[in-house]
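Reader: I am in my first year and would like a close look at a single part of this protein. Could you take me through the charged pairs, and then through what lies around them?

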Amino acid sequence: MNDLATHHTIHKDHIHHGWNNAFPPCLTIAPGETVQFETVDASSGQLSRTSTAADLAKLDLAHVNPVTGPVYVDGAKPGDALKVTVLSLRPSGWGWTGNIPGFGLLTDQFPDARLHHWNYDPGLKPAMYGPGGRVPLRPFTGTIGVAPAEPGLHSIIPPRNVGGNMDARDIAEGTELYLPIEVDGAIFSVGDTHAAQGDGEVCGTAIESSIDVALKFELVKDARLRSPRYVTPGPVSRHFDTKGYEVTTGIGPDLMAGARMAVSEMIELLSRRYGYEPVDAYMLCSVCADLRISSIVDVPNWVVSFYFPRVVLE
């Protein structure tokens with residue numbers, strides 16, 4: 001979809017950081033209308049094609065995950081749901097993945113900044129990574145949501161019951177997302193777009209990339225949702241499935257500890273077998289491997305599995 005196929009365009013200078021239901025909308029629309037959003041990468045432009053790990057270490061975390069908007073939807077009332085259909089995503093061709101000190105699942109193991117640049121095909125051919133890695137791309141919206149009822153400014157980093165920084169990789173083209181509305185007009189924004197990510201985004205970043213997003217907005221009156229839900233248009237892992245998976249596990253009474261164990265075991269496997277530096281294996285896992293809860297009923301231990309797609313390295 002191009003700009004002419006949407007009713008409105010919001011340019012990338014209309015960004016904000018954090019959620020606040022008092023932010024003035026930059027656009028008011030009627031249900032049924034479509035909007036194209038220009039986005040800025042997750043660093044808010046603090047990083048560029050020439051940035052280094054030293055720049056990443058100096059990242060101002062108060063100005064990350066910018067979202068474009070907000071949009072006021074006429075007729076939206078608390079208790080309604082905002083139905084958002086992802087019509088298209090148009091990638092820029094450049095992005096980054098970083099290990100940010102103090103952020104991610106294994107911060108104690110990887111305390112130092114590391115930055116990888118992706119110069120990928122906007123037509124979405126697999127992107128190259130290290131010695132032989134080829135990551136299939138599937139763009140999506142990392143942060144997408146509406147304003148909470150509670151007044152004041154709220155951090156953009158944690159996800160909320162009204163959406164936000166969910167980093168759900170399947171909110172991609174064709175997906176229908178339903179968001180609980182807590183304030184008049186919904187006050188919707190979107191950003192933090194990714195060219196690819198694994199479920200869990202274990203190092204804290206995906207392929208962070210500016211991507212133009214076209215969305216359609218509709219209202220579901222009196223839906224009374226307690227949290228977001230979404231409907232995918234078809235299979236969600238076909239881009240990874242073709243050669244199967246390497247799977248590591250973490251087993252024990254704590255799901256977080258199990259997740260850390262499963263990811264650590266995969267990093268060791270990739271480092272030994274393919275020659276990746278451990279931190280580079282960690283970042284690669286973040287953009288293409290999936291954390292799954294395999295068992296959560298066999299007291300007292302649970303099983304967390306980590307699926308790495310073999311197509312990336314074979």
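Author: **Salt bridges, a sheet and a cavity**

E176 forms a salt bridge with K83, the closest N and O atoms being 3.9 Å apart, where a salt bridge is a side-chain nitrogen of Lys or Arg within 4 Å of a carboxyl oxygen of Asp or Glu. E176 lies in strand β13 (residues 176-180) and K83 in strand β6 (residues 81-91), so this pair ties together parts that are 93 residues apart in sequence. Helices (H or I, at least four residues) and strands (E, at least two) are here DSSP runs, numbered from the N terminus.

This is a predicted model, in which local features need pLDDT of at least 70 and side-chain atom pairs count only at pLDDT 80 or more, while totals for chains, interfaces and linings use all residues. Residues are numbered from 1 along each chain as its sequence is written, and side-chain values use heavy atoms, with hydrogens and water left out.

With a relative accessibility of 26%, E176 counts as partly exposed, whereas K83, at 16%, is buried; buried means under 20% relative accessible area, exposed over 50%, and partly exposed in between (1.4 Å probe, protein chains only).

Strand β6 also carries another charged pair, since R90 and D212 meet through their side chains in a salt bridge of 2.7 Å, N to O. This pair links distant parts of the chain, with R90 in strand β6 and D212 in strand β15 (residues 211-220), 122 residues apart. R90 is partly exposed at 39% relative accessibility, and D212 is buried at 16%.

A helix takes part in the salt bridge between the side chains of R114 and D280, which is 2.7 Å from N to O. R114 belongs to strand β8 (residues 114-119) and D280 to helix α4 (residues 278-288), so that parts 166 residues apart are linked. Here R114 is partly exposed at 33% relative accessibility, while D280 is buried at 16%. Elsewhere, salt bridges that share partners join R138, R169, D170 and D290 into one network. In total the count comes to 14 salt bridges.

Strands β6, β13 and β15 also meet in an open sheet of six strands, whose order is β1-β4-β15-β6-β13-β16, with mixed pairing; two strands pair if DSSP finds at least two bridges between them. At the edges stand β1 (8-10) and β16 (229-231), each of which pairs on one side only. Neighbouring strands of this sheet are turned by 25° against each other on average, direction ignored, with axes being lines fitted to C-alpha atoms, for helices over the stretch in contact, and angles running from 0 to 180 degrees between N-to-C directions. Three bridges join β1 to strand β4 (residues 34-37), and these two run parallel; the bridge partner of T9 in β4 is Q36.

Charged residues also appear around an enclosed space. The largest cavity has a volume of about 30 Å³, and it is lined by E246, L270, Y274, F308, P309, R310 and L313. On a 1 Å grid over the protein atoms alone, a cavity is a set of points where a 1.4 Å probe fits but cannot get out, and lining residues have an atom within 4 Å of a point; points are joined across faces, edges and corners, and a volume is the space filled by probe spheres set on the points. Helix α3 (255-274) and strand β19 (302-309) each supply at least two residues of this lining.

Key: On a 1 Å grid over the protein atoms alone, a cavity is a set of points where a 1.4 Å probe fits but cannot get out, and a pocket is an open set with protein on both sides within 12 Å along at least five of seven lines; lining residues have an atom within 4 Å of a point.
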